There are 2 protein chains.
Amino acid sequence: MPAISRPTSKDVAQEAGVSQSTVSLVLGGKWSGRVSPATARSVRDAAERLGYRPNQAARNLRLGTTRTVLLMVPTLSAPFFGPVYTGAARVAARHGFGVVVSTWPDDAEGPADSPFGSEEAIDGILASSMPVDVLGRFRETPAVMLDSGPGGGVPTVDFGVADGMRAIAGHLAGLGHRRFGHVAAAVDQWTFRARAEALAAVVAGLPGGALARGACAIDVASAKDAALRLLSGPRPPTALVCDDDLIAAGAYKAARALGLDVPADLSVTGFDDVLLATALEPELTTVRLPAEELGAQGMTALLGLLEGRRPASRVLPGELVVRASTAAPRSG
Amino acid sequence: MPAISRPTSKDVAQEAGVSQSTVSLVLGGKWSGRVSPATARSVRDAAERLGYRPNQAARNLRLGTTRTVLLMVPTLSAPFFGPVYTGAARVAARHGFGVVVSTWPDDAEGPADSPFGSEEAIDGILASSMPVDVLGRFRETPAVMLDSGPGGGVPTVDFGVADGMRAIAGHLAGLGHRRFGHVAAAVDQWTFRARAEALAAVVAGLPGGALARGACAIDVASAKDAALRLLSGPRPPTALVCDDDLIAAGAYKAARALGLDVPADLSVTGFDDVLLATALEPELTTVRLPAEELGAQGMTALLGLLEGRRPASRVLPGELVVRASTAAPRSG
DNA sequence: GATCCCCAGTCATACGTATTACTCGACCCG
DNA sequence: CGGGTCGAGTAATACGTATGACTGGGGATC
């Protein structure tokens with residue numbers, strides 16, 4: 001029970017000795033030629049004095065818009081999505097929009113479980129790293145998909161993960177590697193399928209190329225197990241290509257457990273370039289994905305969509321970052 | 001220009017052949033003894049058929065509540081705050097509340113820069129890791145502070161960081177360490193002041209105890225520099241106590257640069273127990289802070305506050321997690 | 001001096017919902 | 001058979017804002 005209720009535009013009107021309409025005109029900035037500068041000033045003073053803040057609910061109702069956008073991500077606990085939010089929020093704020101986050105893990109059934117139920121006050125949706133079909137339930141709402149691959153009709157912003165993976169594979173091949181192990185994230189997302197396909201294509205085109213695949217969850221322990229399996233065969237790979245920086249950390253642990261030195265005995269690569277990549281020792285060769293830029297570009301596209309434009313889908317290139325975890329294989 | 005407008009309760013009323021009031025009564029669940037079951041069913045059917053969703057803005061205006069809470073954190077790019085959000089959102093969803101995130105870095109001047117300007121549609125504020133005085137501007141709004149120390153009158157939920165730090169210091173002292181280096185986060189937050197004071201108190205009470213302090217930003221490179229400075233003195237510390245797991249990663253790098261083995265030549269401890277702690281080699285001895293629980297407890301308190309209760313402030317204990325980065329000092 | 005126009009505002013209304021106060025018919029009871 | 005009661009639903013209203021339609025008065029124009 002909030003005993004104290006905030007002042008309304010009517011209160012401001014009374015304080016300034018004008019009508020509510022005038023207050024609304026002045027504070028809305030639409031008063032050029034309709035209200036005298038003196039009156040405008042006195043209205044603004046009154047508003048200031050009372051600490052007036054327009055009631056958003058009333059404004060939304062009147063305008064039929066909420067100036068709020070929903071950002072849907074699988075989770076905020078993974079280090080990757082924080083920057084996506086940051087980039088999106090920055091662009092949104094510049095246009096007077098707010099951002100609501102909703103996490104929607106793969107295993108949840110739908111909006112009923114998420115805060116989405118109470119979040120219908122939304123102008124558009126920015127969905128990151130989602131299966132395309134989740135948007136089927138929101139056809140009514142303008143949407144842009146991020147990091148989700150070609151979308152069925154909706155504008156998208158994606159990373160050039162295939163190019164990134166080709167860069168990694170090329171880098172390793174150039175160092176002389178031929179036997180690759182792919183420590184692959186067992187997650188049904190477009191980005192991981194694209195990475196796997198690109199790697200397979202490069203290795204297939206390589207004379208004497210061999211590729212083994214070990215699947216794991218995106219956590220250190222699971223990745224370590226998968227890497228151990230890959231490394232314990234008869235002719236083990238000389239390079240482990242990991243789908244993710246965190247997975248690469250697991251590969252490091254596997255190498256250490258087997259007494260292998262990185263990179264002398266085994267090259268390891270990651271993907272994404274999160275903080276972890278430079279915290280590891282040796283520092284990780286990986287592909288930097290501009291996560292913050294993804295959020296920013298996605299929000300730009302969505303705001304364009306809300307204004308009736310039809311934004312073009314975009315692809316943001318990743319950048320190969322060579323650090324200390326890759327070297328020529330020992331046996332030439 | 002959304003050409004298609006969503007159906008309203010009036011449309012549902014027409015479809016079902018009743019009045020708008022009846023629709024509202026039925027869908028609001030307040031119809032026991034006021035509407036016949038048959039009519040109620042037909043209303044629900046009509047709503048289903050039209051895909052009716054109540055307009056949140058209108059509802060908010062009418063009820064004077066938004067069922068939305070603002071979570072204010074310094075940044076989402078740090079791995080720590082994702083789980084805080086997750087915990088808060090889980091509890092909120094269970095009560096039909098949504099959560100809006102606003103990042104408010106130390107260096108921003110105020111709400112004008114943040115999405116906050118357009119986010120006045122808020123019932124309460126959950127502010128994490130903030131200087132207490134930022135809430136001065138929102139006295140009107142019910143608030144709970146997280147991880148911010150004793151708050152001036154507002155309910156708080158904090159970690160027992162002092163106890164946590166005492167556990168770390170006690171653990172190291174028990175191993176025989178006497179000369180400590182504190183790699184301290186140069187961030188003006190309550191939690192870091194509390195950590196520093198607790199460590200200093202323990203060392204001061206230790207016969208022959210010595211404590212050197214090196215300040216750094218919360219990133220690997222800066223932490224490495226600070227650790228190097230601490231280790232290059234005449235009688236260097238045998239244990240580095242770091243304010244943060246990420247800082248500990250910097251300490252690892254410093255140790256490696258100097259040819260010191262962790263933990264044989266140098267013990268290192270972290271704080272928080274984020275993912276990184278187990279990704280490092282050797283795995284890090286640290287204090288686990290239940291971040292998700294912080295968000296959950298904070299939200300519980302805030303929702304209580306909104307219902308007129310006066311929730312008690314709480315302290316969540318941290319837990320010492322001993323891993324492989326600490327051992328007895330070499331020179332006994 | 002009458003007409004027109006424009007400046008500076010105000011009036012009235014609509015947005016979609018929740019809820020209070022009311023109506024109307026049927027049934028029950030004496 | 002009349003009055004009371006109850007069940008089932010409706011009419012009316014308020015929440016606070018933004019805006020198109022309107023008004024009144026003071027020049028300017030001829």
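## Two helices of chain B

In this predicted model, helix H1 of chain B, residues 9-16, packs against H2(B) at an angle of about 105 degrees, and the axes of the two helices are 8 Å apart. Angles of 65 to 115 degrees count as roughly perpendicular, and H1(B) and H2(B) are therefore roughly perpendicular to each other. On the side of H1(B), the contact is made by Ser9(B), Lys10(B), Val12(B), Ala13(B) and Ala16(B), while H2(B) brings Gln20(B), Thr22(B), Val23(B) and Ser24(B) to it. Sorted by class, the residues of this contact between H1(B) and H2(B) are 4 nonpolar, 4 polar and 1 charged.

## The surface near DNA strand C

Both of these helices of chain B also appear in the surroundings of the DNA, since H1, H2 and H4 of chain B, together with H2 and H4 of chain A, each supply at least two residues of the surface near DNA strand C. There are 29 residues around DNA strand C, and those that come nearest are Ser21(A), Thr22(A), Thr8(B), Ser9(B) and Ser21(B). Ser9(B), which takes part in the contact between H1(B) and H2(B), is thus also one of the residues that come nearest to DNA strand C.

The helix that gives the most to this surface is H2(B), with 6 residues. By class, the surface near DNA strand C is made up of 9 nonpolar, 14 polar and 6 charged residues.

## The surface near DNA strand D

DNA strand D is likewise surrounded by 29 residues, of which Thr8(A), Ser9(A), Ser21(A), Ser19(B) and Ser21(B) are the closest. At least two residues of the surface near this strand come from each of five helices, namely H1 (9-16), H2 (20-28) and H4 (56-63) of chain A and H2 (20-28) and H4 (56-63) of chain B.

For DNA strand D the largest share of the surface, 6 residues, is supplied by H2(A). The residues of the surface near DNA strand D divide into 9 nonpolar, 14 polar and 6 charged.

## Where the two chains meet

The contact between the chains takes 46 residues from chain A and 46 residues from chain B. On the side of chain A that touches chain B, the elements giving two or more residues are H4, helix H5 (81-94), S2, helix H9 (245-257) and helix H10 (276-279) of chain A. H5(A) provides the largest share of that side, with 7 residues, and the side as a whole has 24 nonpolar, 13 polar and 9 charged residues.

## A buried strand of chain A

Strand S1 of chain A, residues 68-73, is mostly covered, with 6 of its 6 residues buried. Thr68(A), Leu70(A) and Met72(A) point one way from S1(A), whereas Val69(A), Leu71(A) and Val73(A) point the other way, and all of them are buried. S1(A) is joined by 6 bridges to strand S2 of chain A, residues 98-103, and the two strands run parallel. Within this pairing, Val69(A) has Val99(A) of S2(A) as its bridge partner.

## The four-stranded sheet of chain A

In chain A, 4 strands form an open sheet in the order S7-S6-S8-S9, with parallel pairing. Strand S7 (210-216) and strand S9 (267-269) of chain A are the edge strands, each of which pairs on one side only. Neighbouring strands of the sheet are turned against each other by 20 degrees on average, with direction ignored.

Strand S6 of chain A, residues 179-185, pairs with S7(A) in the parallel sense over 7 bridges, and in S7(A) it is Ala215(A) that stands opposite Ala184(A). Helix H8 of chain A, residues 220-231, packs on the sheet, where it touches S6, S7 and strand S8 (239-242) of chain A, and its direction makes about 150 degrees with that of S7(A).

## The four-stranded sheet of chain B

Chain B has an open sheet of 4 strands in the order S7-S6-S8-S9, and the pairing is parallel. Its edge strands are S7 (210-216) and S9 (267-269) of chain B, each pairing on one side only. Strand S8 of chain B, residues 239-242, is joined to S9(B) by 3 bridges, and these two strands run parallel. Leu240(B) stands opposite Val268(B) in S9(B).

Helix H7 of chain B, residues 190-204, packs on the sheet and touches strand S6 (179-185), S7 and S8 of chain B, its direction making about 170 degrees with that of S6(B). Helix H8 of chain B, residues 220-231, lies across S6, S7 and S8 of chain B and runs at about 150 degrees to S7(B).

How values were computed: Residues are numbered from 1 along each chain as its sequence is written. Chains are lettered from A and ligands numbered from 1 in the order in which they are written. This is a predicted model: local features need pLDDT of at least 70, side-chain atom pairs count only at pLDDT 80 or more; totals for chains, interfaces and linings use all residues. A residue is near a molecule or strand if its C-beta atom, placed from the backbone, lies within 6 Å of it. Ala, Val, Leu, Ile, Met, Phe, Trp, Tyr, Cys and Pro count as nonpolar, Asp, Glu, Lys and Arg as charged, and the others, Gly among them, as polar. Axes are lines fitted to C-alpha atoms, for helices over the stretch in contact, and angles run from 0 to 180 degrees between N-to-C directions. Angles under 35 degrees count as roughly parallel, over 145 as roughly antiparallel, 65 to 115 as roughly perpendicular and the rest as oblique. Two residues are in contact if their C-beta atoms, placed from the backbone, lie within 7 Å. A residue is buried if 20 or more other C-beta atoms lie within 10 Å of its own, exposed if 12 or fewer, and partly exposed in between; C-beta atoms are placed from the backbone. Two strands pair if DSSP finds at least two bridges between them.
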